[in-house]
Amino acid sequence: MVAADVAAVEAIERDGFINPYPPNTFMAQLALPHARVTVAERAGTIVGFCNYWLLADELQLLAIGTHRGHRRTGVAQALFAHMGQAAAAVGAATALLEVRADNHGAIALYQRYGFVELAVRRGYYSDGQDAVVMKAVLPWLDNVT
Ligand SMILES: CC(C)(COP(=O)(O)OP(=O)(O)OC[C@H]1O[C@@H](n2cnc3c(N)ncnc32)[C@H](O)[C@@H]1OP(=O)(O)O)[C@@H](O)C(=O)NCCC(=O)NCCS
């Protein structure tokens, strides 16, 4: 992601996420050495993004989103393939994420890459929803073909 992409990424996030990040979060990511935001494009249009951190030997997935009109067409799958390569390049051994317990679509996606439940944070989100902490061993499975 470059600065010119931020508005498109924020639009996908605002439309798709129940708890979007505060304004300027994505712009701020550009200045963090351990942070990456990668966009997926189709025909020159941004259709998805992932925001992750590579810290020590861990990949932390902060957010992944696909434009509503492009879901279930392999965008997240392409972003996961990219993150797998980025993690391998720095020798990351594990991946961690937090997801709303009621986000069954995202959890199904993560399970296909080998993520398993590590812990539940009760009432973690502002609406009282639990957060599920999930962990995967790298290189992750790619059961999505
Ligand atoms: C979750 C999300 C990122 C998935 O993106 P996507 O580009 O549609 O995912 P893909 O097309 O690459 O799906 C790959 C596989 O993941 C699984 N999957 C993805 N979305 C799913 C859903 N809603 N229900 C069940 N399985 C799902 C499927 O196994 C899918 O393969 P298939 O379509 O051949 O069955 C997208 O639905 C989204 O942006 N949701 C809103 C934001 C969000 O909740 N992000 C996650 C929390 S940070």
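Let's say a residue is near a molecule if one of its heavy atoms lies within 4 Å of it. Keep that cut-off in mind as you look at this predicted model, starting with the ligand. By that rule, 21 residues surround the ligand, and the closest are I64, T66, R72, N103 and R112.

What kinds of residues make up this shell around the ligand? They divide into 10 nonpolar, eight polar and three charged.

Now zoom in on some oxygen atoms of the ligand. One lies 2.6 Å from an N or O atom in the side chain of R112. N103 also uses its side chain, with a polar atom 2.7 Å from an oxygen atom of the ligand. G74 does it with its backbone instead: an N or O atom there lies 2.8 Å from a ligand oxygen. How much of the ligand does the protein bury? On its own, the ligand would expose 910 Å², and the protein buries 79% of that.

Step back a little and you'll find that the ligand sits in the largest pocket. Three elements give two or more residues to the shell around the ligand: β3 (58-66), α3 (75-89) and α4 (104-112). The largest share comes from α4, with six residues.

Next, have a look at the pocket itself. Its volume is about 1400 Å³. In total, 42 residues line the largest pocket, and I64, V99, N103, A106 and Y110 lie nearest its centre. You've met I64 and N103 already, as they are also among the residues closest to the ligand. Which element gives the most to the lining of the largest pocket? That's β3, with seven residues. At least two residues each come from α1 (6-16), β3, α3, β4 (94-100) and α4. Sorted by type, the lining has 21 nonpolar residues, 11 polar ones and 10 charged ones.

Before you go, check out two spots in the backbone. Here's the background: most residues other than glycine have a negative phi, and most peptide bonds are trans. A43 goes against the first habit, with a positive phi near 50° even though this residue isn't a glycine. You'll find A43 in the loop between β1 (35-42) and β2 (45-55). For the second habit, look at the peptide bond from L138 to P139, which is cis, with omega near -5°. To spot P139, follow the chain to the segment after β6 (131-137).

Conventions. Residues numbered from 1 in each chain as written. Predicted model: local features only at pLDDT ≥ 70, side-chain atom pairs only at ≥ 80, totals over all residues. Heavy atoms only, no water. Polar contact = N/O pair within 3.5 Å; in protein donor to acceptor, adjacent residues only side chain to side chain. Areas by Shrake-Rupley, 256 points an atom, 1.4 Å probe, with all protein chains shown as cover. 1 Å grid on protein atoms, 1.4 Å probe; cavity = no way out; pocket = protein on both sides within 12 Å on 5 of 7 lines; lining within 4 Å. Sits in = over half its atoms within 2 Å of the grid points. Helix = DSSP H or I, 4+ residues; strand = E, 2+ residues; numbered from the N terminus. Nonpolar A, V, L, I, M, F, W, Y, C, P; charged D, E, K, R; others polar. Points joined across faces, edges and corners; volume = space filled by probe spheres on them.
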